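This report looks at how a ligand is held by its protein and then at how the nonpolar interior is put together.

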Amino acid sequence: MKKIVFLSGAGISAESGISTFRDSGGLWENYDIQEVASIEGWYRNPELMIQFYNERREQLSTVSPNKAHQIIAKLENRFDITVITQNVDNLHERAGSSNIIHLHGELTKVCAEDKSCVTDIGYRAMKYGEKAPNGQLLRPFIVWFGEDVPKFDDAIEVMKTADIVVIIGTSLKVYPAASLYDYAPNQALIYLIDPNEVTSISKKIEVIKEKAAAGMELLLNKLSLIY
Ligand code: APR
């Protein structure tokens, strides 16, 4: 079986009704990224951070995977698939994908401040002051700016095995995630699905300038012609 590695970002969940970060009207227009998505923000105002992620978690309970998530899950019938996602939503899981690496954490989980004691809380709100089993404060299980990306090495190893890489719905502005496709073998085919221009592309990439769902339909046709 050929190996396809997807690198997904907020754009794949846009058609499900979740805002992206950097588009016009995106989350970072309405929130200060340093206040709600950095480790310094957590030390400054943990209650605000908890409220921000409680709202995201509650919204997640009201949305569903879209056609793009579903096509990726179905491709497991024909290909060996790993999804490396920057998204903290669970829409790839809910669409049925089985191999998912969450680079930036997961909304439905919380952990201790040292990132141990990871617990699934589903869609419930967490409160400031709740404690993890090890006695530390509970926090959202999210990789914030200023923190390590513990799953990055696993993602590199997967990327090295790719026959095909599909970058979908990411502005490729955030590192180290944006550098991952550099680890794909030279002969790997690389596609990028995005309705907008993604400027920081270094390798030979075939761009499919479409929204995620339509772009995945086009990709399916292309894959059928090759395999
Ligand atoms: N289908 C596909 N792509 C879309 C769609 C759509 N319907 N709508 C928007 N996009 C594209 C945008 O053109 C943009 O290139 O999705 C991309 C979203 O980019 P960002 O908002 O920067 O999101 P992302 O790349 O996932 O951000 C990376 O930044 O804030 C952090 O931790 C957060 O994981 C996130 C990381």
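In this predicted model, a backbone N or O atom of Gln86 is placed 3.1 Å from an oxygen atom of the ligand. Gln86 is one of the residues with a backbone polar contact to the ligand, and the table sets it beside Ala10 and Gly11.

| Residue (backbone atom) | Ligand atom | Distance |
|---|---|---|
| Ala10 | oxygen | 2.8 Å |
| Gly11 | nitrogen | 3.2 Å |
| Gln86 | oxygen | 3.1 Å |

The ligand taken alone exposes 740 Å², and 93% of that area is buried by the protein. There are 22 residues around the ligand, and those that come nearest are Arg22, Thr170, Ser171, Asp194 and Asn196.

As for the interior, nonpolar side chains in soluble globular proteins tend to be buried together. The largest nonpolar core here comprises 26 residues, and the members with the most contacts inside it are Ile84, Leu103, Val165, Ile167, Leu172 and Leu180. At least two residues of this core are supplied by each of β1 (3-8), α7 (152-159), β7 (164-168) and β8 (189-193), while the largest share, 5 residues, comes from α7.

Which residues does Leu180 contact, once its neighbours within four places in sequence are left aside? Leu180 then touches Leu7, Ile84, Leu103, Phe152, Ala155, Ile156 and Met159, and of these partners Ile84 and Leu103 are also listed among the core residues with the most contacts. A second core, separate from the one just described, has 24 residues, including Ile18, Val36, Ile50 and Tyr53.

Definitions and conventions. Residues numbered from 1 in each chain as written. Predicted model: local features only at pLDDT ≥ 70, side-chain atom pairs only at ≥ 80, totals over all residues. Heavy atoms only, no water. Core = buried A, V, L, I, M, F, W, Y, C linked by side-chain atoms within 4.5 Å. Buried < 20%, exposed > 50% of the residue type's maximum accessible area, 1.4 Å probe, protein only. Helix = DSSP H or I, 4+ residues; strand = E, 2+ residues; numbered from the N terminus. Contact = heavy atoms within 4.5 Å. Near = heavy atom within 4 Å. Polar contact = N/O pair within 3.5 Å; in protein donor to acceptor, adjacent residues only side chain to side chain. Areas by Shrake-Rupley, 256 points an atom, 1.4 Å probe, with all protein chains shown as cover.
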